[in-house]
Number of protein chains: 2
Amino acid sequence: MKQRLAAIGTVETLPHRVAAFLSREIESGELNTGARLPTEQELSEKFGVSRNVVREAIAQLRADGMIEARQGIGAFVLAPEQRAAIRIDREALKDTHNMERLFELRCILEAESASLAAARRGQEHLDSIKAALDRMGGEERWEEGSIDADLLFHREIARATGNSYIHTFISFVCEQIRQSIHYARMTNPLHDLVEINVGEHVRIYDALVAGDPEAAEAAMRAHIIGAANRVGVKLPLQKTSGAK
Amino acid sequence: MKQRLAAIGTVETLPHRVAAFLSREIESGELNTGARLPTEQELSEKFGVSRNVVREAIAQLRADGMIEARQGIGAFVLAPEQRAAIRIDREALKDTHNMERLFELRCILEAESASLAAARRGQEHLDSIKAALDRMGGEERWEEGSIDADLLFHREIARATGNSYIHTFISFVCEQIRQSIHYARMTNPLHDLVEINVGEHVRIYDALVAGDPEAAEAAMRAHIIGAANRVGVKLPLQKTSGAK
DNA sequence: GTGATACATATCATCCTACAACTTAGCTCG
DNA sequence: CGAGCTAAGTTGTAGGATGATATGTATCAC
């Protein structure tokens with residue numbers, strides 16, 4: 001299980017809390033684009049923390065391109081388009097509606113990923129994907145290890161596209177979903193559902209081996225819709241691209 | 001033009017430089033997953049800056065999920081899958097190969113975005129999209145204003161999907177591309193190219209009005225491939241989904 | 001009265017020191 | 001030999017001091 005528990009149990013540090021507060025205030029629109037933040041001193045008084053803590057919080061927001069600090073003047077909220085990073089609010093994912101949307105995005109990325117991978121994969125890629133598949137099926141029940149293998153399977157497919165950005169984006173989205181589900185304890189499906197899940201993966205793998213992009217895309221689409229259903233998320237009807 | 005120049009001309013602050021250095025050391029693999037970073041004091045001596053500056057740098061990396069700091073022990077490099085944010089290295093985009101890949105990702109996202117938007121758009125969405133289109137065509141030459149309108153056009157389409165994550169991801173990718181191109185001064189295409197560009201947008205808009213997902217997707221795909229070509233990036237052949 | 005210069009103020013940037021909280025390893029003592 | 005304690009190392013937080021930069025104000029020359 002490695003050190004993952006340590007990561008989950010991370011204490012909320014003061015700068016993190018301050019950053020989260022400001023970030024939410026910006027997202028919610030209480031601080032509009034162009035608005036000036038309170039001075040560091042005011043913030044440190046307001047939150048009852050040292051100016052050092054406030055600065056660390058602001059450093060985070062600045063790195064994300066949410067605000068811009070100008071010496072001698074103050075800090076200002078930047079336009080949403082200027083963000084230098086994508087970040088997903090874990091809280092928001094507790095709303096099933098949002099989880100649904102995230103699954104939809106994942107479906108888009110992974111469907112095309114499977115399609116491209118089918119066209120571009122080499123033997124080494126197939127080997128890595130197969131290895132993940134075996135690890136997944138090797139487990140008796142659906143546990144931490146199986147989930148790791150599951151995600152690895154999807155990441156390896158993304159890697160087979162030869163496009164590192166696709167890999168990065170898919171890894172990110174999958175991980176967000178995984179952690180949210182883990183947190184909500186939606187996991188641990190019944191045994192027969194596990195077999196269905198593995199079966200769906202096998203179908204994707206077969207299409208990759210055959211080098212058939214359309215089949216791979218269809219199989220991936222079906223799998224993700226199925227995976228969403230299994231954790232209680234009903235995906236809206238996608239394009240009927242599978243049906244002729 | 002607003003305040004954008006200020007954002008571009010942002011000075012490189014010390015914490016930013018330290019963070020960039022450490023970040024690069026992690027990406028390059030010099031600091032592997034699980035490795036322990038030097039202590040804050042060692043870092044502050046190494047870079048010749050105060051411990052405060054080092055802490056701000058570490059705060060950024062921590063917020064991104066690149067490292068995990070544990071009181072009393074030290075800071076450790078986390079696995080790439082655990083990243084809490086997506087960030088794109090602007091430097092890497094100077095390599096045409098990477099730009100190509102980013103365009104490919106954009107194509108995937110936007111094609112599906114157009115398809116979904118065609119199926120789900122309301123009148124208000126069409127109005128916003130049309131407004132952006134008019135602003136784009138209104139300009140004589142292809143300047144800052146036209147580019148803004150261009151991006152807005154794509155963002156509004158993404159908004160019409162009703163999926164905020166799709167909107168976020170597309171906005172982000174487009175902005176990264178825009179800024180890289182702006183930086184490389186690849187812009188300012190010839191006049192006839194401008195007309196081609198606007199024409200492509202009109203075709204997308206018409207498909208959205210008609211509520212035809214397949215046509216919208218095809219038009220968007222053609223447009224992005226064209227846009228890439230116009231800045232000197234040749235996209236690899238995508239799926240031939242348009243051609244039956 | 002008007003314009004330019006110098007000054008005072010506000011704010012962020014950086015540095016410094018000190019202490020608290022936490023972890024580990026080693027040592028003491030029963 | 002083992003349990004508990006101590007000491008050292010590291011990150012977390014606090015608070016103040018100084019430098020750099022932008023802005024507004026007052027002063028002074030004309």
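## A walk across the A–B interface

Start by colouring the two chains separately: chain A and chain B bury about 4,900 Å² between them, and carbon and sulfur atoms give 53% of that area. Keep in mind as you click around that this is a predicted model. Now select the contacting residues, and you should get 53 from chain A touching 53 from chain B. Across this interface there are 16 residue pairs in polar contact, both partners at pLDDT 80 or more.

Hide chain B for a moment and look at the side of chain A that touches it. Helices H1 (4–8), H4 (51–63), H5 (96–120), H8 (164–184) and H10 (213–230) of chain A each supply at least two residues there, and so do strands E1 (67–70) and E3 (85–87). Which element gives the most? That is H5(A), with ten residues. Colour this side by class and you'll find 20 nonpolar, 13 polar and 20 charged residues.

**Stop 1: the strands.** Bring chain B back and zoom in on E3(A) and strand E3 (residues 85–87) of chain B. The two run antiparallel and are joined by three bridges. Click Arg87(A): its bridge partner in E3(B) is Ala85(B).

**Stop 2: Arg87 and Asp64.** Stay on Arg87(A) and show side chains. It makes a salt bridge to Asp64(B), at 2.8 Å from N to O. Arg87(A) also forms a salt bridge within its own chain, with Asp64(A), where the closest N and O atoms are 2.7 Å apart. Arg87(A) sits in strand E3 and Asp64(A) in the loop between H4 and E1 of chain A, so this pair ties together parts 23 residues apart in sequence. Is each partner buried or exposed? Arg87(A) is partly exposed at 33% relative accessible area, whereas Asp64(A) is buried at 6%.

Now select the pair in chain B. The side chains of Asp64(B) and Arg87(B) meet in a salt bridge of 2.7 Å, N to O. Asp64(B) is in the loop between H4 and strand E1 (67–70) of chain B and Arg87(B) is in strand E3, so here too the linked parts are 23 residues apart in sequence. Asp64(B) is buried, at 8%, and Arg87(B) is partly exposed, at 34%.

**Stop 3: the H4 helices.** Select Glu56(A) and Arg55(B), whose side chains meet in a salt bridge (2.9 Å, N to O). Glu56(A) belongs to helix H4 of chain A and Arg55(B) to helix H4 (residues 51–63) of chain B, so the pair joins two chains. Glu56(A) is buried, at 5% relative accessibility, while Arg55(B) is partly exposed at 28%. Next, pick Glu40(A), Arg51(A), Arg55(A) and Glu56(B) together: they are linked in a salt-bridge network. In total, eight salt bridges run between chain A and chain B, and the count over all chains is 32.

**Stop 4: Asn98(A).** Go to helix H5 of chain A and find Asn98(A). It counts as buried, at 13% relative accessibility. Its side chain makes a polar contact of 2.9 Å with that of Arg101(A). Beyond its neighbours within four places in sequence, Asn98(A) is in contact with Ala92(A), Leu93(A) and, in the other chain, Tyr165(B).

**Last stop: Asp212(B).** Look in the loop between helix H9 (191–210) and helix H10 (213–230) of chain B. Asp212(B) is partly exposed, at 33%. A polar atom of its side chain lies 3.1 Å from the backbone nitrogen of Ala215(B). Leaving out residues up to four places away in sequence, Asp212(B) touches Ala118(B) and Ala207(B). To finish, draw a distance from its C-alpha to that of Ile73(B): they are 59 Å apart.

Conventions
Residues numbered from 1 in each chain as written. Chains lettered and ligands numbered in written order. Predicted model: local features only at pLDDT ≥ 70, side-chain atom pairs only at ≥ 80, totals over all residues. Heavy atoms only, no water. Helix = DSSP H or I, 4+ residues; strand = E, 2+ residues; numbered from the N terminus. Buried < 20%, exposed > 50% of the residue type's maximum accessible area, 1.4 Å probe, protein only. Contact = heavy atoms within 4.5 Å. Polar contact = N/O pair within 3.5 Å; in protein donor to acceptor, adjacent residues only side chain to side chain. Buried area = accessible area lost by both parts, 1.4 Å probe. Salt bridge = Lys/Arg side-chain N within 4 Å of Asp/Glu carboxyl O. Nonpolar A, V, L, I, M, F, W, Y, C, P; charged D, E, K, R; others polar. Pairing = 2+ DSSP bridges.
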